[in-house]
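This report describes one protein chain. The sequence and structure come first, and the text follows.

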Amino acid sequence: MNVKFFTRANCGLCVEGLHTLKLVQEDLGFHVDIIDIEENEAVHEKYMLMIPVVEKDGQVIQYGNLDYATLMEHLSCE
């Protein structure tokens, strides 16, 4: 499973979101690619108002205020 976490520096919501995603990761055992949106202009333009963003296989699973139940539901489908 390909899970990407889009973030940026100095984003408190991103810190909380990554913590929630890591809890789901502990239960399901997948790899997370952490991507700083400020390192790529196209990604920055796409997600700058949405971060944090979790993508699975190219599809946005959840963004903004991430919650365990939603992430677990969508990421355990593999």
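The sections below cover the nonpolar cores, the backbone exceptions, the salt bridge and a strand pair.

**Nonpolar cores**

The model is predicted. Its largest nonpolar core has 12 residues: Val3, Phe5, Leu21, Val24, Phe30, Val32, Val54, Ile61, Leu66, Leu71, Met72 and Leu75. Two or more of these residues come from each of strand 1 (3-7), helix 1 (12-28) and helix 3 (68-75). Helix 3 gives the most, with 3 residues. A second core, separate from this one, has 8 residues, among them Phe6, Cys11, Cys14 and Ile37. In soluble globular proteins, nonpolar side chains tend to be buried together.

Leu66 belongs to the largest core. With neighbours within four places in sequence left aside, the contacts of Leu66 are Phe5, Gly17, Thr20, Pro52, Val54 and Leu71. Of these contacts, Pro52 takes part in a cis peptide bond.

**Backbone exceptions**

Most residues other than glycine have a negative phi, and most peptide bonds are trans. The cis peptide bond here joins Ile51 and Pro52, with omega about -5°. Pro52 is placed in the loop between helix 2 (41-47) and strand 3 (53-56).

Asn10 and Asp57 are listed next for their phi angles.

| Residue | Phi | Location | Relative accessible area |
|---|---|---|---|
| Asn10 | about 60° | loop between strand 1 and helix 1 | 84% |
| Asp57 | about 50° | loop between strand 3 and strand 4 (59-63) | 45% |

Asn10 is not a glycine, yet its phi is positive. Asp57 is likewise a non-glycine residue with a positive phi. Asn10 counts as exposed, whereas Asp57 is partly exposed.

**Strand 3 and strand 4**

Strand 3 pairs with strand 4 in the antiparallel sense, over 4 bridges. Lys56 stands opposite Gln59, which is in strand 4. The two strands form a hairpin with 2 residues between them, and it is in this hairpin that Asp57 takes its positive phi near 50°.

**Salt bridge**

How many salt bridges does a search of the whole structure find? The search finds 1. Glu38 forms a salt bridge with Arg8, and the closest N and O atoms are 3.0 Å apart. Glu38 lies in the loop between strand 2 (32-36) and helix 2, while Arg8 lies in the loop between strand 1 and helix 1, so the pair ties together parts that are 30 residues apart in sequence. The loop that holds Arg8 is also where Asn10 is found.

Are Glu38 and Arg8 buried or partly exposed? Glu38 is partly exposed, at 48% relative accessibility. Arg8 is also partly exposed, with a relative accessible area of 25%.

**Ile35**

Ile35 is a residue of strand 2. Its relative accessibility is 23%, so Ile35 counts as partly exposed; the limit for buried is under 20%. Beyond neighbours within four places in sequence, Ile35 is in contact with Lys4, Phe5, Phe6 and Thr7. Among these contacts, Phe5 is part of the largest core, and Phe6 is part of the second, separate core. Phe5 is also a contact of Leu66. From C-alpha to C-alpha, Ile35 and Pro52 are 10 Å apart in space, and they are 17 residues apart in sequence.

Note on methods: Residues numbered from 1 in each chain as written. Predicted model: local features only at pLDDT ≥ 70, side-chain atom pairs only at ≥ 80, totals over all residues. Heavy atoms only, no water. Core = buried A, V, L, I, M, F, W, Y, C linked by side-chain atoms within 4.5 Å. Buried < 20%, exposed > 50% of the residue type's maximum accessible area, 1.4 Å probe, protein only. Contact = heavy atoms within 4.5 Å. Salt bridge = Lys/Arg side-chain N within 4 Å of Asp/Glu carboxyl O. Pairing = 2+ DSSP bridges.
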